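User: I have a model open and want to go through it piece by piece. Can we start with how burial is judged?
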Amino acid sequence: MDEKKDIYFKIYRYNPEVDQKPFYDDFKISVERGVTILRAINYIKDHVDSSLSYRFYCQAGICGSCAMRVNGVSKLACTTQVWDELENCKEKDMITIEPLNNFEIIRDMIVDYKPVINKLEKYISWVTPKIKQADLGKKENIISEAEFKVIDAATDCILCAACFSECSMMSANKEYISPLALLKAFRMVKDSRDTRSDERMAVLNQDHGMWDCTHCYRCVEACVKNIPIMDAIQGVRNEAFIRKQNGTEGYKHANAFAQDIRKTGRLKEATIAIRTKGIFGAAGMLPFAIRMTLRGRMPSMFVKTIPGIKHVRNIFRKIK
Amino acid sequence: MKYAYYLSCINESLSKEAEYSLNIWTKDLGIELVPLEEGTCCGGSNLDFVNPDQFLAINGRNIALAEKLGLDMITSCNTCLLGLRHAKHILDTQPEKKEMINAVLKEEGLEYTGKSEVKHLLWVLVDDYGLDKLAAKVTNPLTDLKFAPFYGCHILRPSPLMGGYDNPNNPHTLEDLIRALGGNVVEYNSKNKCCGFHTLIVAEQESVKLSGDAVVDAIDAKADYIVTPCPLCHMSLDAYQKDGLSTKNRQGKMPIIHLPQIVGMALGYTEKQLGIDKHVVV
């Protein structure tokens, strides 16, 4: 078996202080099976071009600092095998290395991480325990095993920001909370030791918060720790339902689905915008309604009730 | 080949053309679809957080209706696929949840056992029917046309729920199908990206930016059509196309077609028969 081969690395280069725009440098190095992307680019930095810039520290998938895009997908350089990536190359044996998406570039693969810090601050991403400041370190602040199980997976997050980079909504609006901050929010909201969840939920319910996730699951797919991030996002939204925080468009929109299923079994598409945004809020959707009407596609106000609806209503009665 | 056919809300209302373009050619391939008239909305990727247990029971019931017929279930909507497969995964791996929903389903003479598979129409055509067999049925090869495949999120992700049909970072089944129909595939960056549909009402500006990205990408790749296996993606890309393009300060037109329509085109049906003239961008 061929255990060593020449591999090309097409690496993103950009120093905003000097370069007019980003460009790519190609490097050809001989790589053995078993070498990680991080070791390969360390070789390039040590032996070919010392100006190549990127972050790394633990080299063991723990610190999260070497997240970058490898063949277009955000992942940790230190836990990604070069030979595994050969299957994902667009051009044979040419691996593309780029910085994370959705960040400003400081240099090459080094991105400005400040927006992550700002979001963690905005959404109160830490536990404020019940015990007094003076007693911290003296008294235990216990969480039960069952309580911890709920947040166990979420506590695995190493803040590498691969999810932040892959997030569709982040690419559309940098004000969006981000999957990373939503995951942390879930972890804090569900932590029985915390005391600031009312405050945190109020911020989460604001614009660009928990209701703006578009369910694309790119964060879940990218997570280097296999954390089911979408479960956490839905968990925060579920918390809004548990607390009956029913004032947001996101709440009303989701609630309309439950109401319709209970009533007829089917979604009443014709009125869902009005039920979400109110009559005045939905006025902005008039051009859409006109386009659909012109094509004879505006749905009926009357939705046929499914046969057997009594059984569906029974489910809603029996399962709370 | 016989399947229980899950009726998606959008195909019953806003996108009827997707439904009747499917029903027009299934008999040509010898595929029989038994519509599940008693099935409900899957919850649209919302009921799972409104009430997780009700979400399980509703979709467990939907699948149990197919099980009662002794058939596998197919859907032609990505988000319905996700909802049904998500519920199925939980019910198949957490016996206490299955017991909980079966206690209620019993009153209707139903039982969820997990024996019926839930598949997307695309997977059925590619895997169960087979592309060689499909290619042999083509009467109007789409040789002169270039298609940009747009998969939509909920047929790719989360990948552990999607049966291994595609690598979400580099899918190919839709391209394989386009080629089997004689069509040409254009390479572009948006094929596995998000259309923004699920936030079209609560965050419209962001959503149309996402659909605009895909449309511009397909225009620049000189595609004749975007083809999608998801009616929700179709809605974002077609009905909101003008809004999407305006976020990019771009003009142009990119017709979007449903998966059943591209199959119908290759089987010799006209655009009118397939309802392509019902789209906003024609």
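Analyst: A residue counts as buried if 20 or more other C-beta atoms lie within 10 Å of its own. It is exposed if 12 or fewer do, and partly exposed in between. Keep in mind that this is a predicted model.

User: With that cut-off, how many residues of helix H12 of chain B are buried?
Analyst: 8 of the 8, residues 259-266, so helix H12 of chain B is largely enclosed by the rest of the structure. The buried residues run from Leu259(B), Pro260(B), Gln261(B) and Ile262(B) to Val263(B), Gly264(B), Met265(B) and Ala266(B).

User: What covers the buried residues of H12(B)?
Analyst: The cover includes three helices of chain B, namely H2, H7 (121-137) and H8 (173-180). Strands S7 (225-228) and S8 (256-258) of chain B are also part of that cover.

User: Take Ala266(B) in that helix. Which residues does it touch?
Analyst: Leaving out residues up to four places away in sequence, Ala266(B) touches Val138(B), Asn140(B), Pro141(B), Leu142(B), Leu181(B) and Gly182(B). Ala266(B) is buried, with 24 other C-beta atoms within 10 Å.

User: And where is Pro160(B) relative to Ala266(B)?
Analyst: The two are 32 Å apart in space, C-alpha to C-alpha, and 106 residues apart in sequence.

User: What happens just after H12(B)?
Analyst: Gly268(B) takes a positive phi there, about 100 degrees.

User: Step back to the whole chain. What is the secondary structure of chain B?
Analyst: Chain B has 12 helices and 8 strands. Its C-alpha trace spans about 55 × 45 × 30 Å along the principal axes. Buried residues make up 60% of its 282 residues.

User: What radius of gyration does chain B have, and what would a compact globule give?
Analyst: Chain B has 19 Å, and a compact globule with 282 residues would have a value near 19 Å, so the two agree. As for contacts in chain B between residues at least 6 apart in sequence, 79% join residues at least 24 apart.

User: How is chain B divided into domains?
Analyst: Domain 1 covers 2-119 and domain 2 covers 132-278. Their centres, taken over C-alpha atoms, are separated by 24 Å. In contact across the boundary are 24 residues of domain 1 of chain B and 25 residues of domain 2 of chain B.

User: Which elements are on the domain 1 side?
Analyst: Those that give two or more residues to the side touching domain 2 are helices H1 (9-12), H2 (16-29) and H5 (78-93) of chain B. H2(B) gives the most, with 9 residues. That side of domain 1 of chain B has 11 nonpolar, 10 polar and 3 charged residues.

User: H2 came up before, didn't it?
Analyst: Yes, H2 of chain B is also among the elements covering the buried residues of H12(B).

User: Now the other chain. How many residues of chain B are in contact with chain A?
Analyst: 48 residues of chain B are in contact with 52 residues of chain A. On the chain B side, the elements giving two or more residues are H1, H3 (47-50), H4 (52-69) and H9 (204-220). H4(B) gives the most, with 6 residues. By class, that side divides into 20 nonpolar, 15 polar and 13 charged residues.

User: Which residues touch the most other members of the largest nonpolar core?
Analyst: Cys163(A), Leu182(A), Ile229(A) and Ile226(B), in a core of 175 residues. Cys163(A) touches, among others, Pro179(A), Cys219(A) and Ile229(A).

User: Any backbone oddities? Start with the cis peptide bond: which residues does it join?
Analyst: Arg157(B) and Pro158(B), with omega about -5 degrees. Pro158(B) sits in the loop between strand S5 (146-149) and H8 of chain B.

User: And in chain A, is Ala161(A) buried or exposed?
Analyst: Ala161(A) is buried, with 26 other C-beta atoms within 10 Å. Its phi is positive, about 75 degrees, although it is not a glycine. Ala161(A) is in the loop between helices H4 (145-151) and H5 (162-166) of chain A.

User: What about the phi of Gln59(A)?
Analyst: Phi of Gln59(A) is near 60 degrees, also a positive value in a residue other than glycine. Gln59(A) is partly exposed, with 17 other C-beta atoms within 10 Å. Its loop runs between helix H1 (37-47) and strand S3 (67-70) of chain A.

User: Last thing, what are the confidence scores?
Analyst: Chain B averages a pLDDT of 97, and 100% of the residues score at least 70. For the complex, the predictor gives an ipTM of 0.96 and a pTM of 0.97.

Terms used. Residues numbered from 1 in each chain as written. Chains lettered and ligands numbered in written order. Predicted model: local features only at pLDDT ≥ 70, side-chain atom pairs only at ≥ 80, totals over all residues. Domains from an automatic or database assignment. Contact = placed C-beta atoms within 7 Å. Helix = DSSP H or I, 4+ residues; strand = E, 2+ residues; numbered from the N terminus. Nonpolar A, V, L, I, M, F, W, Y, C, P; charged D, E, K, R; others polar. pLDDT = per-residue confidence, 0-100. Rg over C-alpha atoms; globule rule 2.2 N^0.38 Å. Core = buried A, V, L, I, M, F, W, Y, C linked by C-beta atoms within 7 Å.
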